[in-house]
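User: Hey, I've got a structure to get my head around before class. Can you walk me through it?

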Amino acid sequence: MSKAYKTLGRRLRLGVIGGGPDSFIGAIHRSGATMHEEFDVVAGVFSSNPERSVAAGKSMGIARPYATPDALFEGEAVNNEPIDALAIMTPNNSHYELSVKALEAGFNVFCEKPLTMTEDEAASLVQLVKSSGKRYCVAYGYSGYAMVREARELVASGVIGDITMVQSNYVQGHLATLTESEKSGTNWHMKPELSGPSLILGDIATHSYHLTSYVIGMEASSLSADVTALVEGRTADDYCGILLKYPNNARGVFWVTQAAAGAVHGLSFTIYGTKGGLEWHQEQPNELLVRPIDKPAYILTKGGVGLTPAGKRVSHIAIGHPEGYREAFANLYYDFASNIVDDIAGNTPDSLSLTNPTVEEAHKAWRLCLQQ
Ligand SMILES: NC(=O)c1ccc[n+]([C@@H]2O[C@H](COP(=O)([O-])OP(=O)(O)OC[C@H]3O[C@@H](n4cnc5c(N)ncnc54)[C@H](O)[C@@H]3O)[C@@H](O)[C@H]2O)c1
């Protein structure tokens, strides 16, 4: 039985803005939110076109499909069973405004990355979240993988010693040539006024930065980046190489692009400390390679022996049954729900459920975009 049902006698109610049937990320959020039976998606706005929004909501069986975000805020304010939380997955330029409205309306928020369009907006959101007392999770979905949680716990408990080197690749190939939507000017990702100052930094380098900071429990103290567009005819950045320095003098290197011809997804990290290393590849997410300095390397497996409570808790299916991208997103919703239920019931949150990406972390990830 879900924690929400056991504790409150009902599931939590989620509203969503963005993520229509044509979108990349909408179905990932909806399936993630409902996977552990903590949330029902009961309300939503699914398009900037009011008629299409209502039609899409009806087609997905959403009880309260709204025409616009304002209609959702007005409708939920007078509903006697309003949403407990709002998930925002619109193009980047509306994350800030919708987050502010949602927090002011008293909703917990689950928001897509990149958090905002400017560093000032991110800083002000940090303050607003603090004063609201509401939960705010940023959708850095890779941090929801069981073996990423395990890696974080191994670093925190000193298994690889003090961090010395951090490396992440995120090497995609889907923008190796100019796309049709780019040529026709219909791809919002390519427009800085909708997607932010840098495509590559805001779209995926922010994931490498968050993921590695999340695992090592440390933010970079400075960084320098070579950011450019490599494909002829493109103005939006599709490549970056980043050098990072950490407060303990550790060093980092990221290689991030969407323009590597033939590449697939290619997200990985390799982290070394004074006592050993860790290596994880998102395309084999159920395995974590551990390299102790004084023993043979070994592989920890999701659901397998030797995991810490942090990794075990989010291994939902028995060993040998792969859990992937949707399950990782669902783990963020699992913790988000757990925290909201505890808040409603007045209970102290379970410490293992306090590991979701925070608004403060997303604010710090803005350092990357400031390289522009
Ligand atoms: N966390 C991740 O790993 C991840 C992955 C992909 C995308 N994203 C983020 O998700 C967001 C959306 O990206 P996408 O690739 O799904 O975009 P998309 O273009 O595929 O979909 C955007 C959706 O939002 C809807 N929409 C646009 N304006 C709206 C409005 N005002 N009100 C309601 N709906 C509106 C569109 O109709 C569409 O359904 C972006 O912020 C992106 O950075 C995150």
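Analyst: Sure, here is a chat through the domains, the sheets, a few helices, the ligand site and one histidine. Keep in mind that this is a predicted model.

User: Okay, how is the chain divided up into domains?

Analyst: There are two domains, and each takes in two stretches of the chain. Domain 1 is 3-142 + 329-357, and domain 2 is 145-316 + 361-369. Their C-alpha centres lie 25 Å apart.

User: And how many residues are in contact between domain 1 and domain 2?

Analyst: On the domain 1 side 18 residues are in contact, and on the domain 2 side 24. Helix α6, residues 119-132, gives the largest share of the domain 1 side, with four residues. That side of domain 1 has 12 nonpolar, four polar and two charged residues.

User: Let's do sheets. What order do the strands take in the eight-stranded one?

Analyst: The order is β8-β9-β10-β7-β11-β12-β13-β14, in an open sheet with mixed pairing. At the edges sit β8 (222-228) and β14 (298-301), each of which pairs on one side only. From one strand to the next, the twist averages 10°.

User: How do β8 and β9 pair up?

Analyst: They are antiparallel, with seven bridges between β8 and β9 (residues 239-245). As an example, D226 has G241 in β9 as its bridge partner.

User: What about β11? Which strands does it pair with?

Analyst: One partner is β7 (residues 163-171), antiparallel over seven bridges. Another is β12 (residues 276-281), also antiparallel, over six bridges. Individual pairs include M165 with Y272 of β11, and I271 with L278 of β12.

User: How does the chain get from β11 to β12?

Analyst: Through a hairpin, with two residues joining β11 to β12.

User: Which side chains of β11 are buried?

Analyst: L267, F269, I271 and G273 are, and they point to one face. S268, T270 and Y272 point to the other face and are not buried. That fits a general pattern: in a regular strand, side chains alternate between the two faces of the sheet.

User: Nice. Which helices lie against that sheet?

Analyst: α7 (residues 146-156) is one of them: it packs on the sheet and touches β12, β13 (287-292) and β14. The direction of α7 makes about 165° with that of β12. Then α10 (residues 199-216) lies across β7, β8, β9, β10 (251-257) and β11, running at about 150° to β7.

User: Is α7 largely enclosed or largely open, and why?

Analyst: Largely enclosed by the rest of the structure, because nine of its 11 residues are buried. Those residues are A146, M147, V148, R149, E150, A151, R152, L154 and V155. They pack against α10, β12, β13, β14 and α11 (309-313).

User: What comes just after α7?

Analyst: G158 does, and it takes a positive phi of about 85°.

User: Switching topic: what does the six-stranded sheet look like?

Analyst: It is an open sheet in the order β3-β2-β1-β4-β5-β6, with parallel pairing. The edge strands are β3 (64-65) and β6 (136-138), and each pairs on one side only. Strand β5 (residues 108-111) runs parallel to β6, with three bridges joining them. One of the pairs is F110 with C137 in β6.

User: Which strands does helix α2 lie across?

Analyst: α2 (residues 26-34) lies across β1 (12-18), β2 (39-45) and β4 (85-89). It runs at about 150° to β2.

User: And the ligand? How many residues surround it?

Analyst: There are 23 around the ligand, and the closest are G18, G20, S23, F24 and I25. By class, the shell has nine nonpolar, 11 polar and three charged residues.

User: Last one: where is H316?

Analyst: H316 is in the loop between α11 and α12 (325-345). Leaving out residues up to four places away in sequence, H316 touches E323 and E327. Its C-alpha atom is 9.1 Å from that of K302, and the two residues are 14 apart along the chain.

User: Why does H316 count as partly exposed?

Analyst: Because it has 16 C-beta neighbours inside 10 Å. A residue needs 20 or more to be buried, and 12 or fewer to be exposed, so H316 falls in between.

How values were computed: Residues numbered from 1 in each chain as written. Predicted model: local features only at pLDDT ≥ 70, side-chain atom pairs only at ≥ 80, totals over all residues. Pairing = 2+ DSSP bridges. Domains from an automatic or database assignment. Contact = placed C-beta atoms within 7 Å. Nonpolar A, V, L, I, M, F, W, Y, C, P; charged D, E, K, R; others polar. Axes fitted to C-alpha atoms, helices over the stretch in contact; angles between N-to-C directions. Near = placed C-beta within 6 Å.
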